[in-house]
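Work through the exercises below with the model open. Each task is followed by its solution.

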Amino acid sequence: MGSLRIMMAPKFQLLALLAFAVAMLFLENQIHQLEESRGKLERAIARLELRDIEERRTQEGVRESREDVENDVVVIYNRVPKTASTSFTNLAYDLCSRNHYHVLHINTSKNNPVMSLQDQVRFVKNVTMWKEMKPALYHGHVSFLDFSRFGMMKKPIYINIVRDPIERLVSYYYFLRFGDDYRPGLKRRKQGDKKTFDECVAAGGSDCAPEKLWLQIPFFCGHYSECWNIGSRWALEQAKYNLINEYLLVGVTEELEDFVMMLEAALPRFFRGATELYRTGKKSHLRKTSEKKPPTKESIARLQQSAIWKLENEFYEFVLEQFQFVRAHGVREKDGELYLLPQNFFYEKIYPKTT
């Protein structure tokens, strides 16, 4: 029996070793599977984290892209003299800090509305590439300039205001002599000349001649020589074309509040709060020519006999009709108050369906 136990001992030892080896292999296999599972889990977590980062970047990119689009905007107000242009521009200055944009005055030598070709190139490049100033509103007594002629794909947004031609001329006549309440102490070019507008017309003076009416048409016509050919029918048609195709909105002095309201609706990035400021502000933006006397019917009739007046008035009536058309589709009046119509369109039947 003792010898049998001695013989069995090595067998048990061998079995024990085999069992231990099998157990170790099993454990190693389990550890390997666990390591593989851990690797898969880590890779899955990494993919999720990467996807989350990419989604955040995409959202930030969309937000930044939207902000870039909203900020990459330039408005040009090539203001016609004596059309309430200073009054309107002061609104833009009052709002620029609140609405976070820049206002820049285009100061041309001797208020010449026609730029040299080299200055046109400089101006177009400045406006297009001066990113630090965007969004920006440029204003100045400059005739229309077509940016596409200079190879620019992105155009500025043009706006403007026109006025009854004779009313504008009368205002300018007295402004040269008496100035206005905006800068009352400034000496004007014709200061000391006490002759009224009616007396000027009766005497056939140059400051009230029909040729002085020729201004709003060339401002909209642009930098072509024919635009400044007084009495040109081609210039009138070109001005109409530019008005329709190049300007977002053109208002009239006689309906300035409506113009401000429409701009606030169309360009809130610039004009948010403009209507309220115009209605209830301290009126610091308003500017009135001093000593202005309305012309007599005789003086008006004499000017209206001119072919130049007929062309300028045709343009004014064209602008007025277009502005009233735009206003009729965007504004309503109730109890004597104007209000903007709400959004009147929506989207439907959108395919493919998103899950």
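**Salt bridges across the sequence**

The side chains of E255 and R327 form a salt bridge, with N and O 2.6 Å apart; the term means a side-chain nitrogen of Lys or Arg within 4 Å of a carboxyl oxygen of Asp or Glu. This is a predicted model, in which local features need pLDDT of at least 70, side-chain atom pairs count only at pLDDT 80 or more, and totals for chains, interfaces and linings use all residues. Residues are numbered from 1 along each chain as its sequence is written, and side-chain values use heavy atoms, leaving out hydrogens and water.

**Exercise 1.** Determine which parts the pair E255 and R327 ties together.

Step 1. E255 lies in the loop between β5 (247-252) and α8 (256-266), and R327 in helix α12, so the pair links parts that are 72 residues apart in sequence. Helices (H or I, at least four residues) and strands (E, at least two) are DSSP runs, numbered from the N terminus.

Step 2. Both E255 and R327 are buried, that is, under 20% relative accessible area, where exposed is over 50% and partly exposed lies in between (1.4 Å probe, protein chains only).

**Exercise 2.** Find the salt-bridge partner of R233 and place both residues.

Step 1. The partner is E314, the closest N and O atoms being 3.1 Å apart.

Step 2. R233 belongs to helix α7 (residues 233-246) and E314 to helix α12, so this pair joins parts 81 residues apart in sequence.

Step 3. R233 is partly exposed at 43% relative accessibility, and E314 is partly exposed at 27%.
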